[in-house]
Structures are given as C-alpha cells and as structure tokens.
Amino acid sequence: MKQSRRDPQSFLPLTPAFFNILLALADGEKHGYAIMQEVIAHTGGTLRLGPGTLYGAIKRLLEDDLIEEIAERPDPAHDDERRRYYGLTEFGQRVAAAEAGRLQELVQLARDRRLLPDKVPMRGTE
Amino acid sequence: MKKSALRARQVYTALLYLYPTGFRREYAMELTLLFVDMYRAAAAQGLRALVSLWLTVLPDLIWSAIRERMRTMFNIKWSAVPIQKWGGLASFLLGVTFIVAPLIYLTGNLRDAMGAFAYSVADLLYGPVWAASLVTMVFALRERIGERAPRRMSLALLAAALAAATMVLVACIRSANRNYHIIHPELHLENNQAILIVWTNLVAGVSAAGGHFLGWCMVLIGSAGWTTRLLPRGLSVLYMAAGIASLFVYLLPANEGLVGTLGVVISIWQGILLLKAGAGETQAPGKTASQPY
C-alpha cells in the first residue's frame, strides 16, 4: 500500500493540535464535537480547539491519510445522521505512536537530567 | 431550537462565507452542527459562558479562514512556512515604519519638488506596510505563545487587525485629502479653516482609535508573555508599558511619542527573538521545509 510505505518520522514533530486529535481518535471513531470534548478532557482544558482550527486540522489529516472518514452513519435515533465520524488509519496510528515515542524520549531525557522525578504522579492522583 | 440559538446559528452560518468555497462546501454543515453543540452547552451555563463562546469562536473563525484562504491561494501548507522568520522581518519593518514615517510627517514640505512623493511614501509606510507588519508579527507571536495563552493571543491578533485597519483608514484619509488639495489648487483648500479643522480632527480621532486598539494588542501580548514566560520579562514589561500608554493616546495625545519610541525598541527586540526562533525552526534536525506538520 502506498501510504504505509511513507515514513512516520517524516511527519514529526506533530503540533499539539494534530497530536491531540490523533490521541482523541485512538480509542475509537468520533465526530467533531466529541473530538473537541475529548481534547479538552485529556489536556485538562489547556488546549481548546476552535471549530475552524479543528476542521482545518481534520482536513489536513484527511489529506495525508492519517485519519479517514467512517462511511457508516450512526443510528438517526441516537445521533444526527448529518454528522461525520472520523477514525485513525493504520498509518495515522503509526505516526501517533512515533510522536508518542519521541515525547517519551524527551521525558526520559528530562528524568536523566533530574528535571523530573523517576516516577511522575498521574493526573488527578496528586 | 430557541430563538436566540437560532439567531446565533444564522450569524455563524453567515460568517462561514469568510472561508474559501471549497472548504465551506466540505465542512459548513459540520462546523454549524459543532457550533450549535457548543452554543447549547454554553447557553446552559449562562450569559458569561455565551460571551466566552463568541470570544473563542470569532477569532478562531477569522484566523482559520485566513489560513484556509492562504492555503487555497498559494497551495501551501501553512506550518511549513517559517512564520517565525517572517514575523521577525515584519517586526523590523514595523520598527522602520515607526521611525521613518513620523520623520517625514514632521520634516516634510508639500511644496518641495519631492514633497508629495515623500508624503505618499510616509502614508504607505504608516498605513498598509505598518498594518501588514503588525498583523504578521502578532500572528507569528500567536503561533509561538498562543498554545499557552490562546484566548489572550487570539484577542491580541484581533486587536492588531483592528489597529491595522484603522491605520490604513488614516493613511487613506491623509492621502485622499492631500491629492484633492494638489488636484484642485484653485479651491485654496489649505486656507479653508473649516476643512482644516474637520480634517485634523478626523485624522487625530481615527489615529487615536488605532492607538487604542494597538494598546490592547500590546497589553495582551505583554500579559501573555509574562505569565507563560515565553517572552523575556523585560520585553513583556515594555509591551505592557507601551500598551498602557497607547491605550490612552486618545486622552493624552502627547503619549504618541512615547508609544513610537517604545514601539521601535520593542520591534527590534521582538524581531531579533523571532528571527532567532525562525533560524532554530529551520535548522531543527529532521525537519525540512516541505514537511507538512
């Protein structure tokens, strides 16, 4: 497949907006509002994507095949059928994983240089 | 849907015309659905949340529309452009306009052979060039520190756009007035006291409004730079000092000189920082100009 031959590293570093959208889609397909809410939730409200920024990013992620539009529409009884759902592609998963690995290396470097303690408390457990 | 929600939706849908046609055709429905969801959530929390919603949505809409239009026009991927570098150059250019244009206004003479040309250059510098430089510089700064202070930097960009539009308006009024004088010498307009008073007040008033918007812009940048620590402390203080002085130019016109002087210092300092950041960006290992993210 043409897409999977591309090197995920060539997409790094991702901007926080792109990475957070990919993260939001990592646990399943979502529509725009759900992505926005998920990003707010998992960044503790520090990153709030406006509608234009969100759909600008979605457009670019679609163009680069990091995400795809899911053809199946939800049951109209449960959701507005005009909503589009997006999901991660296999290549998008690899790019997100590569970015997570890059960030992990940076965190390890910060630990080695004693900027961080060996064990960082999880959010909400402090 | 409630009447107010329906009206908000209509306003938002109308504003979507700021986007290029292709983008609008593709995403208008989803953007509207998303806005309606956000509006419902905000409406449930009260008036303050609704105001906050519009303060988030409007700057986001304007700047994402500009970004999409730029991408459509030049078929470029925005973040591939070393925007910090452009911001640095724009900042220096802003400093130049702060020095050169007032010098021409203060020392120029319309009756000199090159007088009219010199004034035209000053109007170009203190109008469109100043405006484009300011907006580019603030845009680059927003890209740099906007993630840590998104609301303040979006508002700063909005204030910069208003200041820019106002200063272009001043340049247009100045230029139109001068050209009319030159084209119609038989009217002896320079001796007409009523015209002189109206013109002076108009230019002074609109310039003061531009200064006021510039003041908000600088105060917001200074505050964002201070709290995020992404700008040197000294520069943040200068931004705030110049901003406060500029906010009240309409009450204390003598502040204009102080704002101009601080503006030159800030522009040069900011230009150096942005150019350094731009150089770091383009030299980052593994990152190339054609890289999409």
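Okay, to start: which residue takes a positive phi of about 60 degrees just after α7(B)? That's Arg229(B), sitting right behind the helix. I'll come back to it, but one caveat before that: what we're looking at is a predicted model.

Let me do chain B now. Its elements are 9 helices and 0 strands, so reading from the N terminus you just get α-α-α-α-α-α-α-α-α. There are 293 residues in chain B, and 37% of them count as buried. If you take the contacts in chain B with a separation of 6 or more, 73% come from residues 24 or more positions apart.

Back to α7(B), then. This helix has 36 residues, which should span 52 Å at 1.5 Å a residue, and the end C-alpha atoms are indeed 52 Å apart, so the two agree. After that comes the loop between α7 (193-228) and α8 (233-247) of chain B, and Arg229(B) lies in it. Again, phi there is near 60 degrees, and this is a residue other than glycine. Is Arg229(B) buried or exposed? It counts as exposed, because there are 11 C-beta neighbours inside 10 Å, and the cut-off for exposed is 12 or fewer.

Next, α4(B). It has 25 residues and reaches 36 Å from its first C-alpha to its last, close to the 36 Å expected. A good number of its residues are buried, including Ile83(B), Gln84(B), Gly87(B) and Gly88(B). Further along α4(B), the buried ones include Leu93(B), Leu94(B), Gly95(B), Thr97(B), Phe98(B) and Ala101(B). While you look at that list, remember that an α-helix has 3.6 residues a turn, so residues three or four places apart point the same way.

So what does α4(B) pack against? One partner is α5(B): residues 83-107 of chain B for the one, residues 115-145 of chain B for the other, at an angle of about 150 degrees and with the axes 7 Å apart. Anything over 145 degrees counts as roughly antiparallel, and therefore that's what we call α4(B) and α5(B). The crossing of the two is left-handed. As for the residues in that contact of α4(B) with α5(B), the classes come out at 22 nonpolar, 6 polar and 2 charged.

Okay, over to chain A. Here we have 4 helices and 2 strands, and along the sequence the pattern is α-α-α-β-β-α. Of the 126 residues in chain A, 27% count as buried. For contacts in chain A between residues at least 6 apart in sequence, 57% join residues at least 24 apart.

A couple of backbone details in chain A are worth a look. Leu12(A) and Pro13(A) are joined by a cis peptide bond, with omega at about -5 degrees. Pro13(A) is in the segment before α1 of chain A. Then there's Asp65(A), which isn't a glycine but has a positive phi of about 60 degrees. You'll find Asp65(A) in the loop between α3 and β1 (67-70) of chain A. With 17 other C-beta atoms within 10 Å, Asp65(A) is partly exposed.

Now the helix pair in chain A. α1(A) packs with α4, residues 90-112 of chain A, at an angle of about 120 degrees, and the axes are 10 Å apart. That makes α1(A) and α4(A) oblique to each other, and the crossing is left-handed. Which residues of α1(A) meet α4(A)? From α1(A) it's Phe19(A), Leu22(A), Leu23(A) and Ala26(A), and they meet Gly92(A), Ala96(A) and Glu99(A) in α4(A). The residues of that contact divide into 5 nonpolar, 1 polar and 1 charged.

Last thing, how the chains meet. There are 22 residues of chain A in contact with 23 residues of chain B. On the chain A side, the elements giving two or more residues are α1 (16-26), α2 (32-42) and α3 (51-63). Which of them gives the most? It's α3(A), with 5 residues. By class, the side of chain A that touches chain B has 8 nonpolar, 8 polar and 6 charged residues.

That's what I have, thanks.

Terms used. Residues numbered from 1 in each chain as written. Chains lettered and ligands numbered in written order. Predicted model: local features only at pLDDT ≥ 70, side-chain atom pairs only at ≥ 80, totals over all residues. Axes fitted to C-alpha atoms, helices over the stretch in contact; angles between N-to-C directions. Parallel < 35°, antiparallel > 145°, perpendicular 65-115°, else oblique. Left-handed = near helix turned anticlockwise from the far one by under 90°. Nonpolar A, V, L, I, M, F, W, Y, C, P; charged D, E, K, R; others polar. Contact = placed C-beta atoms within 7 Å. Expected span 1.5 Å × (residues − 1). Buried ≥ 20, exposed ≤ 12 C-beta atoms within 10 Å, placed from the backbone.
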